[in-house]
Structures are given as C-alpha cells and as structure tokens.
Amino acid sequence: MDQPHALVVASPGLGHLIPALELGNRLSSILNIHVTILAITSGSSSLTETEMIHAAAARGTCDIMELPSVDIEDLVEPDATVVTKIVTMMRAMKPAVRDAVKSMKQKPTVMIVDFFGTALLSITDVGVTAKYVYIPSHAWFLALIVYLPVLDKVVEGEYVDIKEPMKIPGCKPVGPKELLDTMLDRSDQQYRECVQSGLEIPMSDGVLVNTWEELQGKTLAALREDMDLNRVMKVPVYPIGPIVRTNVLIEKPNSIFEWLDKHGERSVLYVCLGSGGTLSLEQTMELAWGLELSGQSFLWVLRRPASYLGGSSKDDDQVSVGLPEGFLDRTRGVGLVVTEWAPQVEILSHGSIGGFLSHCGWSSVLESLTKGVPIVAWPLYAEQWMNATLLTEEIGVAIRTSDLPSKKVIGREEVAYLVKKIVVEEDKEGRKIKAKAEEVRVSSERAWTHGGSSHSSLFEWAKRCRLVS
C-alpha cells in the first residue's frame, strides 16, 4: 500500500524555499509519510537556491520537483515590490501547479502552501482533499495578517500615522514600530495583496505555524478561543515549531571554527543581518566603531555597504571597504570579519557564542533561541520590526536599538552599550535576558520530545487530514 502523500509548495526565493524544505523534512521523518516539495523557482534563481535544492534532494527525505515560474512582466508594474511580484507569480502559476499535481504517479491528498501561495488554495479537481497554509513565522504575525481585512475597514488614513496602537483581539496591540513593510503605504499593490492573503488564509482547512505553545501560549489561545478573532480566523491553528535547519558536519580545517575555538565560553558576539541585510556606509562605519568600542570579541558576517558599488565580495582586499581605516588591524585577534556565506546554525551552536546581533528574521531568531543565545535586535524590513518587539517585550530574550535602524543611524556608543549588555551581563537586565534565553532553549527542546506540545500538535494535525491513523 502506498504511503500517505503530502505536497508542500514553496514560493520563489531562498527565504521561502528553506522553510518549505525544513517542513518537508520534518513531516517525512516524524510522520514517516511521502512528501513532495514543489519548488517554484524564479527566472533568476540564485546559485544558492539551486545548491539548496540539490542538497535537499541528496538528503533523500523528500521528493523535489522544480517548477520554473511563468513570465509576469505584463501583469505587474515595472516598479512593483518583491511581495507584489511573488504573489502575482504564484497566482499565475495555478495552471502549472495543477498540471504538475495531475502528472504525479501517486497523487497527494494534502497540499500545504506558504503565505505567498494562498491563491493556490482554490485549485480543484486534482484529488487533494485537504489544504493548509504554513506560516514559517510566529502566532502574532498570523493574528495580524488574518485581522488585517478588519483593520482595513475600520482604520482611516495611513497606519504609520496612528496615535494609538491598533488592537488585535486577545493579542498584543500593533503600533507604528511593529508595522509590516507591506502596511507602510496603503495605496501600494503589495498592501492589497497582504489584505487578500488575510482573507484567503481562513479559506484553508487550517494553519501550521512555526512557534510553540510555551513560547506564545497567550496569542495561540486567542487564535483558538477569542470570539472576535475567531470570526475571521475560523480554522484550527497547529503550532509545530521550532522547525529550524539542522546542523551539518563542517569540514576541517575551517578558519571560522578554528578562530572560535580560541575564545572563551559565551564570550563572542555573532553579527549577521541576513541575506538581504545591507547597511548604509555610515551605519556600517558606526557599527564597526561600536564593536571596537565595546572591547568584546566578535564574528561579523559583513555584506557590502549599500552605497558601495563594484568590487567582488570575494576579494580579500575588499573586506575593508566601508570599514574605518585601520579597523581590521586594530581588532585583529579580537574580531573576525567574513564576507562569504557562513554556516549560521553551526556558529550559533559553538560554545563561544554569547550573543547574536541580528536583523530578527524569524528563521534566524529560532536558530538563536534553540541554542540559548540572547539577541541584540537590529530589525531592518518585512516583519522584523514586529519580531524585535516580540523578542524584547513579550519573550524577554533580547535588547533592541533605541530607534528603528531603517529610519535612523544607530551611533557607536549605543552599539557598544548593547553589545556589552548582552555579552558581558553587566547588570540585572543582562543577566535576566541570558537566563530567559536558556529557559526558552529548554522549552524549545521539550516541545519536540515525544508527547511535547509541538510533537502532539503535529500528530493531531496529521490524524485530522488522515496522514496517520
């Protein structure tokens, strides 16, 4: 008899592909079912995206089908945002996805789409009996998205101009410092697409979300039980997190790990602002001065400053571009600056890492929390403003900049202060954050033990859609 078969559809871009691959891996290994990942690749698929698909295929836990995206040039304005382009592309892919599913020898009975692929929920006549949405972010983000169509009707003017934070039933209110990028300009098509997603998510059979009961119990309870939120949510929510990339074996010798091995326990700050996290030249300078001023050891994965054009990021002599003169010489031994991709999960697992200065992308956040590493929150775009508030005010595992780094240059003195507070634990607040980070690490492990909250939630979902008996 054939194994039950689930289909996971990944929208284009590394940030959407990785969560889909990790979800597929988890479903296959825990539930022992057949999983196919349908990876929709953008025309300009990066080498990393291709490598990721090949690496996942080699792992052998899931079948992977690549589906080249259709041309949408005639469907979007030339200056359309990335969100608008991806959602439009996913909508235009409906016939191709339908054909791909029909061509499968063993038809999937369950289809899972991501936040950008909710238009695919209306696909019929392919034998899929249950359709779900996977939100690789947290429960507060999900609550905001499904409640956005209500806010769209009741809030007048731009959200950036609101005086009072907007109430979401049973959840933390959302103020101007927590707005999603897509909410900053209500006349932009990406905002309309976001509202549309909020309407489409509850048309699924349920939502899988990358968080866990012990981390966000209050918000998850609101999504399930709050009468006002239930009027829009309507379908069950299954917290199945944390789902993060697993450690891979690092080939020796490796210069990064040889450098980390020379440092004491919890003494190094890891600095990485994500694959899209580019800073201005001025901000790169201030961050560098701040790291030097702090006197703490640091490992900095540095992207080319936004105002620097030209030069290959692989040229060693280009590492110093955008850094203060003599910075690399003065911090030699104390700091390590790398401009290539770095194995983040493995770095955060290293005993010498005592803090993470992060853009607060949810994948990076979970990679940090599952290792018990506290965070200096440096949110840049997407839902990262919201994530930074969640980490500092609700969970208590982070400290954040006094202003949004995307709006104001954060000065060197403040950088040094934040670094010392997290790495050195100079005061009561620093010690409290460290203790909370360790507590969250323990709860993240407990959630996935047999009978733990996320393990139970996954099996409850799998039984409901008849993937397991």
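This short presentation covers a helix contact, a group of aromatic rings, several individual residues and some backbone details in a predicted model.

Good morning. I shall begin with the packing of two helices. Two packed helices are described by the angle between their axes and the distance between the axes. The pair I have chosen consists of helix 3, residues 82-92, and helix 6, residues 189-200. Their axes come within 8 Å of each other and cross at roughly 50°. Helix 3 is therefore oblique to helix 6. As for handedness, the crossing of these two helices is left-handed.

Which residues of helix 3 and helix 6 make the contact? On the side of helix 3, they are V83, T84, V87, T88 and R91. On the side of helix 6, they are Q189, Q190 and E193. By character, the residues of this contact divide into two nonpolar, four polar and two charged.

I turn next to the aromatic rings. The structure holds seven aromatic pairs, and I shall discuss two of them. In one, F115 is paired with F116, with the ring centres 5.2 Å apart and an angle of 75° between the planes. This arrangement is edge-to-face. Both F115 and F116 are buried.

The other pair joins F115 to F141. Here the centres are 5.7 Å apart and the planes stand at 70°, so this pair too is edge-to-face; the cut-off for that class is an angle over 60 degrees. Where do F115 and F141 lie? F115 belongs to the loop between strand 4 (110-114) and strand 5 (130-135), whereas F141 belongs to helix 5, residues 139-154. The pair therefore ties together parts that are 26 residues apart in sequence.

Are F115 and F141 buried or exposed? F115 has a relative accessibility of 12% and counts as buried. F141, at 8% relative accessibility, counts as buried as well. Taken together, ring pairs link F115, F116 and F141 into a cluster.

The loop between strand 4 and strand 5 also contains I123. I123 has a relative accessible area of 3%, and is therefore buried. Setting aside neighbours within four places in sequence, I123 is in contact with K94, V97, R98 and K131. As a reference distance across the model, the C-alpha atoms of I123 and W341 are separated by 38 Å, and these two residues are 218 residues apart along the chain.

A second buried residue to consider is S204. S204 is situated in the loop between helix 6 and strand 6 (207-209). Its relative accessibility is 6%, so S204 counts as buried. What does S204 contact, leaving aside its neighbours within four places in sequence? The partners are L121, K131, Y132, V133 and V235. K131 thus appears among the contacts of S204 and also among those of I123. A further distance concerns S204 and S29, which are 175 residues apart in sequence, with 25 Å between their C-alpha atoms.

The third residue of this kind is T219, in helix 7, residues 213-225. With a relative accessibility of 2%, T219 counts as buried. Not counting residues up to four places away in sequence, T219 touches A139, W140, C171 and E394.

I shall close with the backbone. The peptide bond from G241 to P242 is cis, and its omega is near -5°. P242 is located in the loop between strand 7 (237-239) and helix 9 (255-261).

Two residues other than glycine have a positive phi that I wish to point out. For N32, phi is near 55°. N32 sits in the loop between helix 1 (14-31) and strand 2 (34-41). Its relative accessible area is 55%, so N32 is exposed.

The other is A382, with a positive phi of about 55°. A382 is placed in the loop between strand 12 (375-377) and helix 14 (384-395). Is A382 buried, exposed or partly exposed? With a relative accessible area of 26%, A382 is partly exposed.

To review the main points: helix 3 and helix 6 cross with left-handed geometry, F115, F116 and F141 form a cluster through ring pairs, and the bond from G241 to P242 is cis. Thank you for your attention.

Note on methods: Residues are numbered from 1 along each chain as its sequence is written. This is a predicted model: local features need pLDDT of at least 70, side-chain atom pairs count only at pLDDT 80 or more; totals for chains, interfaces and linings use all residues. Side-chain values use heavy atoms; hydrogens and water are left out. Axes are lines fitted to C-alpha atoms, for helices over the stretch in contact, and angles run from 0 to 180 degrees between N-to-C directions. Helices (H or I, at least four residues) and strands (E, at least two) are DSSP runs, numbered from the N terminus. Angles under 35 degrees count as roughly parallel, over 145 as roughly antiparallel, 65 to 115 as roughly perpendicular and the rest as oblique. A crossing is left-handed if the near helix is turned anticlockwise from the far one by less than a right angle, and right-handed if clockwise. Contact means heavy atoms within 4.5 Å. Ala, Val, Leu, Ile, Met, Phe, Trp, Tyr, Cys and Pro count as nonpolar, Asp, Glu, Lys and Arg as charged, and the others, Gly among them, as polar. Rings of Phe, Tyr and Trp (its six-membered ring) pair if their centres lie within 6.5 Å; planes under 30 degrees apart count as stacked, over 60 as edge-to-face and the rest as tilted. Buried means under 20% relative accessible area, exposed over 50%, partly exposed in between (1.4 Å probe, protein chains only).
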